[in-house]
Amino acid sequence: MPTYRYIYFDLRGRGEIVRLCFHAAGVKFEDVRIEHSAWPGKCRDASPFGQLPYLEIDGKKFPQSLAISQYIAREHGLYGNNSLENLSIDGVVGLTIDYFNLWAKANFEKDANRKTELQTKLNSEDLPTFLQQLEKLLTENKTGYFVGKKLTLADLAVYSTLENSFRDFPDVYTKYPQVVGNRKKVGSQPQLTAYLSSRKPTNI
Ligand SMILES: N[C@@H](CCC(=O)N[C@@H](CS)C(=O)NCC(=O)O)C(=O)O
């Protein structure tokens, strides 16, 4: 087994998906968390693309959260059983990234009026559309998971992407029982429970 060292800020953000993959797969890794006060500086200079996250595998550095999570999923049994399942998983992961980008835009917008507009659209249109799409996928697959009959990167990506809105808008979810059921299934995976209950709470 290679030595894994994962470097990201001390938050969930775009980087938590990789931590979830490692924990779900039961694979040991070093979870290096960079304080914002240490950024930029030496940390940025050390990163391959001037951004976080990146993963060191036996000392070699690899950037991009999507590439890293797909690699860990592929290597450690979270990427389905065949190419069609890989494709379906990638489709769900792509959907989560689309939603995450909208979320990030609405939350990090500097202009106050524009921010209000984007947040209103996010909560009244983008989040419900995303949840409807997820509910449909789960209803069609009928296993409680997004793809196949077991936990994959798709379930972890959705879990991670919805963490903030589940916390901030819990009432929205009563309309999406399959999504709630999937979330419970992921959160109660024996390999994940210890991590989820002990990790440091962060705002995002
Ligand atoms: N597509 C990249 C995006 C990486 C990215 O935007 N990282 C942000 C944190 S989430 C960052 O490093 N920001 C600091 C900077 O750009 O100086 C990924 O998913 O890894």
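In this predicted model, the domain assignment splits the protein into two parts: domain 1 covers 4-77 plus 191-198, and domain 2 covers 83-189. Taken over C-alpha atoms, the centres of domain 1 and domain 2 sit 21 Å apart. Each side brings 15 residues to the contact, 15 from domain 1 and 15 from domain 2. On the domain 1 side, H1, H3 and helix H9 (190-198) each put in at least two residues. H1 gives the most to that side, with five residues. Sorted by class, the side of domain 1 that touches domain 2 comes out as eight nonpolar, four polar and three charged residues.

So much for the domains; H1 itself deserves a closer look. Nine of the ten residues of H1 are buried, so this helix is largely enclosed by the rest of the structure. The buried set runs Glu16, Ile17, Val18, Arg19, Leu20, Cys21, Phe22, His23 and Ala24. What do these buried residues of H1 pack against? Their partners are strands S1 (4-9), S2 (30-34) and S3 (54-57), along with H3, helix H6 (153-161) and H9. Just past the end of H1, Gly26 takes up a positive phi of about 70 degrees.

One of those partners, H3, can be described in some detail. Two packed helices are described by the angle between their axes and the distance between the axes. For H1 (residues 16-25) and H3 (residues 65-75), the angle is about 10 degrees and the axes are 9 Å apart. With angles under 35 degrees counting as roughly parallel, that makes H1 roughly parallel to H3. On the H1 side, the contact is made by Ile17, Val18, Cys21, Phe22 and Ala25, and on the H3 side by Ser65, Ile68, Ser69, Ile72 and Ala73. By class, the residues of this contact are eight nonpolar and two polar, with no charged ones.

Another partner of H1 is H6, and two leucines show how that pairing looks at the level of single residues. Leu20 lies in helix H1, while Leu156 belongs to helix H6. Is Leu20 buried or exposed? The cut-off for buried is 20 or more other C-beta atoms within 10 Å; Leu20 has 26, so it counts as buried. Leu156 is buried too, with 30 other C-beta atoms within 10 Å. Setting aside residues up to four places away in sequence, Leu20 touches Leu156, Tyr159, Ser160 and Leu192. With its own neighbours within four places left out, Leu156 is in contact with Ile17, Leu20, Cys21, Ala24 and Val186. As for spacing, the C-alpha atoms of Leu156 and Leu78 are separated by 9.3 Å, with their positions 78 residues apart along the chain. Leu20 and Leu118 are 98 residues apart in sequence and 29 Å apart in space, C-alpha to C-alpha.

Turning to the ligand, its surroundings consist of Gly13, Arg14, Pro40, Gln51, Leu52, Pro53, Gln64, Ser65 and Leu66. This shell divides into four nonpolar, four polar and one charged residue. Several of the residues in it come with backbone features worth a glance. Pro40 is placed in the loop between S2 and helix H2 (42-46), and the peptide bond leading into Pro40 from Trp39 is cis, with omega near -5 degrees. Pro53 is found in the loop between H2 and S3. Leu52 and Pro53, both part of the shell, are joined by a cis peptide bond with omega of about 10 degrees. Gln64 is in the loop between strand S4 (60-63) and H3. Although Gln64 is not a glycine, its phi is positive, at about 80 degrees. Gln64 is partly exposed, with 16 other C-beta atoms within 10 Å. Ser65, also in the ligand shell, appears again among the H3 residues that meet H1.

A positive phi also turns up at Lys142, another residue other than glycine, with a value near 60 degrees. Lys142 lies in the loop between helix H5 (112-141) and H6. With 9 other C-beta atoms within 10 Å, Lys142 is exposed.

Note on methods: Residues are numbered from 1 along each chain as its sequence is written. This is a predicted model: local features need pLDDT of at least 70, side-chain atom pairs count only at pLDDT 80 or more; totals for chains, interfaces and linings use all residues. Axes are lines fitted to C-alpha atoms, for helices over the stretch in contact, and angles run from 0 to 180 degrees between N-to-C directions. Helices (H or I, at least four residues) and strands (E, at least two) are DSSP runs, numbered from the N terminus. Angles under 35 degrees count as roughly parallel, over 145 as roughly antiparallel, 65 to 115 as roughly perpendicular and the rest as oblique. Two residues are in contact if their C-beta atoms, placed from the backbone, lie within 7 Å. Ala, Val, Leu, Ile, Met, Phe, Trp, Tyr, Cys and Pro count as nonpolar, Asp, Glu, Lys and Arg as charged, and the others, Gly among them, as polar. A residue is near a molecule or strand if its C-beta atom, placed from the backbone, lies within 6 Å of it. Domain bounds come from an automatic or database domain assignment. A residue is buried if 20 or more other C-beta atoms lie within 10 Å of its own, exposed if 12 or fewer, and partly exposed in between; C-beta atoms are placed from the backbone.
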